[in-house]
Amino acid sequence: MHDATNNTRKKALITGASSGIGYELAKLVAQRGYETVLLARRKDKLETLAAELSEHAPSFVVAGDLAAEATTTEVVAQIEQTHPQIDLLVNNAGFGKLAPFLEHTDADHRGLMQIHYFAPVTLINAFLPGMLERQRGHIINVASIAAKMGPWGHSTYAAAKAAMVSLTQSLAAEYPDQGVHFNYVNPGIVVTEFFDGEGYDAMSQSVRKHGIDVHKVARAINKLIDKPKLELCVPRHYRMLDWIKAISPSWAQRIVAKNSRAR
Ligand SMILES: NC(=O)c1ccc[n+]([C@@H]2O[C@H](COP(=O)([O-])OP(=O)(O)OC[C@H]3O[C@@H](n4cnc5c(N)ncnc54)[C@H](OP(=O)(O)O)[C@@H]3O)[C@@H](O)[C@H]2O)c1
């Protein structure tokens, strides 16, 4: 069991590590020997995972709500104190709400934007300067295929993920060739607790049956650490949407609307 941090060991901060993609990815990252900082709200789940990861490398838990600005600022300041050096930042924490636009409250819109856009911005602001100084770092933002074309029921979710994608692209443009990689991931439908969220019981079986195994997504992100590339789509064939959009955005919109409709 490893119990001490050391300065030569690479350090990874993974948000949303208490379940799903982040949980499985954290295991793979720890197996690489990274010291991990695990962030989410459910402290008990994070602590159980951290105990498991400690077999490979030290692992630390930070519990906090990234859907609220105040707690985001608080937990990021806390991590800056304990872990000023982060080499790999994975902005993965997130949730959705499946409902038409007019059934979202103002708090829904703001919470979705906070967790998928402003929390990553706060984290990047905290840890990018150090990465640039050391000329070494990797920021992976877990977006969604919804960022490519707004589907039914995910208006602000898709907008927040599209903002996350554009942010990643601009960072890659602004800080090239400085040893820091900026990548985003667009998963399709992945079988996780995400679908326990508000409104997803209405999601039709035909949509859900396209769900892919969470391990496949975690493994693909893990590979991205060795071979960074701007965009990773899982499954890969979802990139076809770009081609359809290039031919006709209206056609692409109709396909997505038809296939995402939950009720
Ligand atoms: N599943 C899919 O089909 C799918 C598709 C495309 C993109 N994604 C994206 O992939 C990412 C991971 O989702 P997943 O599928 O792995 O779902 P998941 O199993 O529900 O995991 C979501 C993670 O985010 C954390 N989280 C949720 N709300 C939070 C909050 N307010 N503050 C801090 N942490 C919070 C959860 O932990 P706590 O509940 O403990 O806080 C959990 O660790 C999300 O950004 C999601 O939008 C998922």
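The exchange below takes up a helix and a cavity in this predicted model.

Me: How do you know that the length of helix H1 (residues 20–31) agrees with what its residues should span?
Reply: At 1.5 Å a residue, the 12 residues of H1 should span 16 Å, and because its end C-alpha atoms are 17 Å apart, the two values agree.

Me: What makes H1 mostly covered?
Reply: A residue is called buried when its relative accessible area is under 20%, and 9 of the 12 residues of H1 are buried. These are Gly20, Ile21, Gly22, Glu24, Leu25, Ala26, Lys27, Val29 and Ala30.

Me: Which elements do the buried residues of H1 pack against?
Reply: With contact taken as heavy atoms within 4.5 Å, the buried residues of H1 pack against strands E1 (11–15), E2 (35–40), E4 (88–91) and E6 (180–187), and also against helices H2 (43–53) and H7 (214–226).

Me: What is the sign of phi at glycine 33, which follows H1?
Reply: The phi of glycine 33 is positive, near 100 degrees.

Me: Why is the enclosed space in this structure called a cavity?
Reply: The word applies to a set of points where a 1.4 Å probe fits but cannot get out; the structure holds 1 such cavity of 30 Å³ or more, and the volume of the largest cavity is about 30 Å³.

Me: How many residues in the lining of the largest cavity are nonpolar, polar or charged?
Reply: The lining divides into 7 nonpolar and 3 polar residues, with no charged ones. Lining residues include Leu66, Ile115 and Met164, together with Thr15, Asn91 and Asn92, and the largest share of the lining, 4 residues, comes from helix H4 (residues 106–134).

Conventions:
Residues numbered from 1 in each chain as written. Predicted model: local features only at pLDDT ≥ 70, side-chain atom pairs only at ≥ 80, totals over all residues. Heavy atoms only, no water. 1 Å grid on protein atoms, 1.4 Å probe; cavity = no way out; pocket = protein on both sides within 12 Å on 5 of 7 lines; lining within 4 Å. Points joined across faces, edges and corners; volume = space filled by probe spheres on them. Helix = DSSP H or I, 4+ residues; strand = E, 2+ residues; numbered from the N terminus. Nonpolar A, V, L, I, M, F, W, Y, C, P; charged D, E, K, R; others polar. Expected span 1.5 Å × (residues − 1). Buried < 20%, exposed > 50% of the residue type's maximum accessible area, 1.4 Å probe, protein only.
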